[in-house]
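Please open the model in your viewer and keep the selection panel at hand. This tour moves from the whole chain to the ligand, and then on to single residues that are worth a stop.

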Amino acid sequence: MEKKITASIIGTGSYLPSKVLTNKDLESMVDTSDEWITTRTGIKERRIAEDDEYTSDLGAKAAVRALSSAGKKPSSVDLIIVATITPDMLFPSTACFIQDKIGAKNAACFDINAACSGYIYAVEIAKRLVEAGSHDTILVIASEKLSSITDWTDRNTCVLFGDGAGACVISGENSGKPRVLYTYTGADSSAAELLMMPGGGTRFPASIQTVENKLHFLKMAGKEVFKNAVLCMYKASEKIMKKYNISIDEIKCFLPHQANVRIIDAVARKIGIEREKVYLNVQKFGNMSAATVAVGLDEVFKEWDLKSGDKILVDAFGAGFTFGSLVIEW
Ligand code: UT7
């Protein structure tokens, strides 16, 4: 009888640009204050990539670290999936640029766009492919340079976002490493216009007007998005726990998307998990869209004192609206 494969995360890595932009720095750019940003969001600082440092550069650095922690050569990777809403270009894919940068010459490459939920969607795809036996070693990367689509004159949005990348290597080799036990993904697109970047696609191709009307920047109706975030993230956690019969007491670490500490607190309260089990990085990196939980997973794997059998619940929400969750067993 064939042995059933359960996808494992055999290595993780992350990369944050070195330039730090603090709330104090933002006070001299827009009409805001450290006090407002801290109390409304929990964010104290975020990282900003250099002008000549692209999404593929951030992703490639995270990928090299993930491969090194997995003990794998780039040539052993048979697929690269990049989750991003800030690709180097509309095409070719950022995954292709990363393939060249890291020398993963035997890999197929594609990008996915599920906004902040992108890493969870990508891990789900990778899990299914290795468990089906079609791929052995998949590099999942979430990389974002949100500073490139941020309107630095709009205080409603520019205080919220940051740049960064996280990556993991998913394998079917049953190594005993953390296993991706369950995945759940969903979407509710009835209010998609609440969070978007309108310009540059087929609806508003780049023109002088799209630049003048600032359509190449991220637009968000913050309050409405906030309410949807709490509902969708609660749903994503509830669905996976109900479907696979997991009680909240079994979860040793809750790793939610990091948009706002108030959203995280509300979701944690609704699912009934203690604050000390909730992972937070929003204070130091802001919202890095898909890269947020990818960087978080790398930090949890390296810094948390997890024991064999401990479960991590990952939960995200993003533009679309998309949402999703993972249960990973240490
Ligand atoms: O990754 C997923 C997508 N993103 C999210 O999930 C973010 C969801 N939304 C949020 O996190 C929050 O809605 C925000 C942090 C964006 C805003 O917080 P809020 O408590 O919903 O504030 P608000 O939009 O109701 O604004 C309150 C006031 C307004 O002034 P008035 O109209 O009451 O006079 C804003 O103009 O705060 C003002 N404001 C600011 N003041 C100082 C908005 N941004 C700033 C700012 N500094 N940066």
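Helices and strands are here DSSP runs, a helix having at least four residues and a strand at least two, and they are numbered from the N terminus. The model you are looking at is a predicted one.

**The whole protein**

Begin with the cartoon view, where by this reckoning the protein has eleven helices and 13 strands. The radius of gyration is 19 Å, close to the 20 Å that the globule rule gives for 330 residues, so the protein is as compact as a globular protein of that length. If you turn the view along the principal axes, the C-alpha atoms fill a box of roughly 65 × 45 × 35 Å. Colouring by accessibility will bring out the buried residues, which make up 55% of the 330 residues in the protein.

**The ligand and its shell**

Next, select the ligand and show the residues around it. Which residues are the closest to the ligand? Of the 22 residues that surround the ligand, the closest are Thr32, Arg40, Lys223, Asn260 and Asn287.

Display the side chains of three residues to see their polar atoms beside the ligand. A polar side-chain atom of Arg40 lies 2.7 Å from an oxygen atom of the ligand, and for Asn287 the distance from a polar side-chain atom to a ligand oxygen atom is likewise 2.7 Å. Trp36 also places a polar side-chain atom by a ligand oxygen atom, with 3.3 Å between them. The ligand has 950 Å² of accessible area on its own, and the protein covers 76% of that area.

Now colour the shell by the kind of residue, and you will find ten nonpolar, seven polar and five charged residues in it. Which helix gives the most to this shell? Helix H8 does, with four residues, and when you select it by its range of 222-243 you can compare it with helix H2 (34-41), helix H6 (155-158) and helix H9 (261-271), each of these four helices supplying at least two residues of the shell. If you colour domain 1 (8-177) and domain 2 (180-329) separately, you will see that the shell draws at least three residues from each of them.

**Lys311 in strand S12**

Leave the ligand and select Lys311, which is found in strand S12, a strand that covers residues 311-318. Is Lys311 buried or exposed? Lys311 counts as buried because its relative accessibility is 12%, which is under the 20% used as the limit. With side chains shown, look for Glu250, since the side chain of Lys311 makes a polar contact of 3.3 Å with the side chain of Glu250. Then add Met220 to the selection: Lys311 and Met220 are 91 residues apart in sequence, and their C-alpha atoms are 34 Å apart in space.

**Two cis peptide bonds**

From S12, follow the chain into the loop between S12 and strand S13 (322-329), where Phe321 is found. The peptide bond from Gly320 to Phe321 is cis, with omega near -5 degrees. For the other stop on this part of the tour, select Pro92, in the loop between strand S4 (79-83) and helix H4 (94-102). The peptide bond that leads from Phe91 to Pro92 is cis, and its omega is near 0 degrees.

**Two positive phi angles**

Select Ala115 in the loop between strand S5 (108-112) and helix H5 (118-132). Ala115 is not a glycine, and yet its phi is positive, near 50 degrees; this residue is buried, with a relative accessible area of 6%. Lys214, in the loop between helix H7 (208-212) and strand S10 (219-220), also has a positive phi, about 60 degrees, although it is not a glycine. Lys214 is partly exposed, with a relative accessible area of 31%.

**A last stop at Thr150**

Finish by selecting Thr150, whose place is in the loop between strand S6 (137-145) and H6. Thr150 counts as buried, at 7% relative accessibility. Adding Leu160 shows a pair that is ten residues apart along the chain, with 9.5 Å separating the two C-alpha atoms.

Methods. Residues are numbered from 1 along each chain as its sequence is written. This is a predicted model: local features need pLDDT of at least 70, side-chain atom pairs count only at pLDDT 80 or more; totals for chains, interfaces and linings use all residues. Side-chain values use heavy atoms; hydrogens and water are left out. A residue is near a molecule or strand if one of its heavy atoms lies within 4 Å of it. A polar contact is a pair of N or O atoms within 3.5 Å; within protein, one must be able to donate a hydrogen and the other to accept it, and residues adjacent in sequence count only if both atoms are side-chain atoms. Accessible areas come from the Shrake-Rupley method with a 1.4 Å probe; for residues, only the protein chains shown count as cover. Ala, Val, Leu, Ile, Met, Phe, Trp, Tyr, Cys and Pro count as nonpolar, Asp, Glu, Lys and Arg as charged, and the others, Gly among them, as polar. Domain bounds come from an automatic or database domain assignment. The radius of gyration is taken over C-alpha atoms; the globule rule is 2.2 Å times the number of residues to the power 0.38. Buried means under 20% relative accessible area, exposed over 50%, partly exposed in between (1.4 Å probe, protein chains only).
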